[in-house]
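Here is a walk through one chain, given for a reader who has the coordinates open. Please follow along in the viewer.

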Amino acid sequence: MGYYTSMYRYRDIHQKNIPCLDSLYSVIKKVAIPAFSKLKANYMGYAHHGGDYHHYQLIKAVGVDSNLLLQDDTSALRLSATLNKIGGAHSLGKEPIRLSKFGHDSVPGNNGLQYIYHPIAYGPYLADKYGYPTVTKLHEMDPLDTKKNFWGKQGILRVITYTDNQNLPKGHVALWDCNHFHQAPDWIAKHNLVTVEFWESPDSFCNNMPPMPQLPADYPKLEDILPPNRRAGKRRHHRHMHWEEIFVENFIKKLMTKSS
């Protein structure tokens, strides 16, 4: 079963309030998300974003077979290492993990524990272990508006971005620390179409945090800039990046530059 089939299945079943399944779900004891202080202390962050580990250093430290990993994304591997270091109920254990259409989603490390390396698999894994996400937003286009949903919170954030290649999903998973990704790239700001799932930590606390960025009051509205014939036009499916999405992306970049 592919990830998207399983993801929407558990979400749709829950939202339909099917009595027997809801009753069954209610008696299944879920593990609480680790304290954010522990997640942060054990996270093996990106070297270019304030952390200590380049990709090759992370792979060497964990001791996994690099031939089985994704070439350009170690976000899932970093979270797996974090959970295994915290240990106890949060450890991924020693049994192979199979949750997505790829057949296997984890590899063993030099300590015998499993490490999920494919971010797509982390959606069903986190939901199964910790329960439904605190926040779920599908197909968001505005980076600033998307971040409002978990601004001022701490926890685990999973981001699905959509590529220009047949609209294929690509996953990323990391720690969200109040108003930024902790020692990781900002995958939300880099894409114009995202789906996010957020699991808030029980000790989530953000104090003396800067306010959410706002658009300048004198800045023109986006609908006033778009050509008249496109304002009322029906939005196209995002199979490929349309010129309007490129325009919106550049528009937001200019806003951020002006407000900073």
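Strand β5, residues 169-178, is mostly covered in this predicted model: eight of its 10 residues are buried. On one side of the chain, β5 is preceded by strand β4 (residues 153-162), and the two pair in the antiparallel sense over 10 bridges. Within that pairing, Lys 170 of β5 stands opposite Thr 161. β5 also pairs with strand β6 (residues 180-181), again in the antiparallel sense, but here over two bridges. Trp 176 has Phe 181 in β6 as its bridge partner. One residue lies between β5 and β6, and the two strands form a hairpin. In a regular strand, side chains alternate between the two faces of the sheet.

Trp 176 comes up again in the surroundings of Phe 150. Phe 150 sits in the loop between α7 (143-147) and β4. Is this loop residue buried or exposed? Its relative accessible area is 0%, so Phe 150 counts as buried. Leaving out residues up to four places away in sequence, Phe 150 touches Val 135, Leu 157, Trp 176, Cys 178, Ile 188, Val 196 and Phe 198. Thr 136 is 14 residues from Phe 150 along the chain, and their C-alpha atoms are separated by 9.9 Å.

The next element to look at is helix α5 (75-86). α5 has 12 residues and reaches 17 Å from its first C-alpha to its last, close to the 16 Å expected at 1.5 Å a residue. How many of the 12 residues of α5 are buried? The count is 11, so the helix is largely enclosed by the rest of the structure. The buried residues are Ser 75, Ala 76, Leu 77, Arg 78, Leu 79, Ser 80, Ala 81, Thr 82, Leu 83, Asn 84 and Ile 86. An α-helix has 3.6 residues a turn, so residues three or four places apart point the same way. The buried residues of α5 pack against α3 (36-42), α4, β2 (114-116), α6 (122-130), β4 and β5. Both strands of the 10-bridge pairing, β4 and β5, are thus among the packing partners of this helix.

The two ends of α5 can be taken in turn. Before the helix, Thr 74 has its place in the loop between α4 (55-62) and α5. Thr 74 counts as buried because its relative accessibility is 5%, and the cut-off for buried is under 20%. Apart from residues up to four places away in sequence, Thr 74 touches Tyr 46, His 55 and Leu 58. Just after α5, Gly 87 takes a positive phi of about 75°.

How values were computed: Residues numbered from 1 in each chain as written. Predicted model: local features only at pLDDT ≥ 70, side-chain atom pairs only at ≥ 80, totals over all residues. Heavy atoms only, no water. Buried < 20%, exposed > 50% of the residue type's maximum accessible area, 1.4 Å probe, protein only. Helix = DSSP H or I, 4+ residues; strand = E, 2+ residues; numbered from the N terminus. Pairing = 2+ DSSP bridges. Contact = heavy atoms within 4.5 Å. Expected span 1.5 Å × (residues − 1).
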